[in-house]
Amino acid sequence: MKKEYNILAISGSLRNKSSNTLLMHAIIKLALPNLKFRVYGGLNDLPHFNPDLDVEEGPVSVQNLRAQLKNSDGVLICTPEYGNGVPGVLKNVLDWIVSSGEWLNKPTVAIAASPSPLGGDKAHASLLLTLNMINAQVLHEASLTIPHITLKMNKQGVIIDSETQHALENSLLSLGDACNQMDK
């Protein structure tokens, strides 16, 4: 039997019916049984990053974020692109982790999806810069930009494009393999 790995899933959108939130849930449904996902639900609860608040105890919502990251073996991020960049709420999550190190060497898959033909490429590039700076183990071969997401996934969050589904399944396999390698 394969070892189970805890994966923290984060959507970079606050909107309930966001295509990236729907995509995140669709990806979770594609996962092999040994990948156990926990969806991070505290995006809206985090205060704006303030170094004066970044003390040992700090805000409870920040403590919860850090604990969830610490207890995860890997991370999946799905993000939209706002104004040619990462949404502020997702950047805020990353800012709270810069000095604490819970993301250090964690296998991470970063996915940006957009209805545009560029697939959120600028948000993806920005996200990768920050993840690399905080020393996440970004799985570049498994990280994707998905253009025209509204043509590849229906409004119920079902992936209807076989090529996209195959790419996402491969991303999950890479994430599982990376978690397994970290375990050795």
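A pocket is an open set of grid points, on a 1 Å grid over the protein atoms alone, with protein on both sides within 12 Å along at least five of seven lines. In this predicted model, the largest pocket holds about 180 Å³ of space, and the second largest pocket has a volume of about 150 Å³.

| Pocket | Volume | Nonpolar lining residues | Polar lining residues | Charged lining residues |
|---|---|---|---|---|
| Largest | about 180 Å³ | 5 | 6 | 1 |
| Second largest | about 150 Å³ | 3 | 4 | 3 |

The lining of the largest pocket is made up of Ile 10, Ser 11, Ser 13, Leu 14, Arg 15, Asn 16, Thr 21, Val 39, Tyr 40, Gly 41, Leu 43 and Asn 44. Around the second largest pocket stand Arg 15, Lys 17, Ser 18, Ser 19, Leu 22, Ile 149, Thr 150, Met 153, Asn 154 and Lys 155. Arg 15 thus appears in both linings. Helix H1 (19–30) and helix H5 (149–152) each give at least two residues to the lining of the second largest pocket.

Helix H2 spans residues 60–70, and its buried residues are Ser 61, Val 62, Leu 65, Arg 66, Gln 68 and Leu 69. These lie on the same side of H2, because they cover an arc of only 160 degrees around the axis. An α-helix has 3.6 residues a turn, so residues three or four places apart point the same way. The other side of H2 carries Val 60 and Lys 70, which are exposed. The cover over the buried residues of H2 includes strands S1 (5–11), S2 (35–39) and S3 (74–79), together with helix H3 (88–97).

Key
Residues numbered from 1 in each chain as written. Predicted model: local features only at pLDDT ≥ 70, side-chain atom pairs only at ≥ 80, totals over all residues. Heavy atoms only, no water. Buried < 20%, exposed > 50% of the residue type's maximum accessible area, 1.4 Å probe, protein only. Helix = DSSP H or I, 4+ residues; strand = E, 2+ residues; numbered from the N terminus. Arc of directions from axis to C-beta. Contact = heavy atoms within 4.5 Å. 1 Å grid on protein atoms, 1.4 Å probe; cavity = no way out; pocket = protein on both sides within 12 Å on 5 of 7 lines; lining within 4 Å. Points joined across faces, edges and corners; volume = space filled by probe spheres on them. Nonpolar A, V, L, I, M, F, W, Y, C, P; charged D, E, K, R; others polar.
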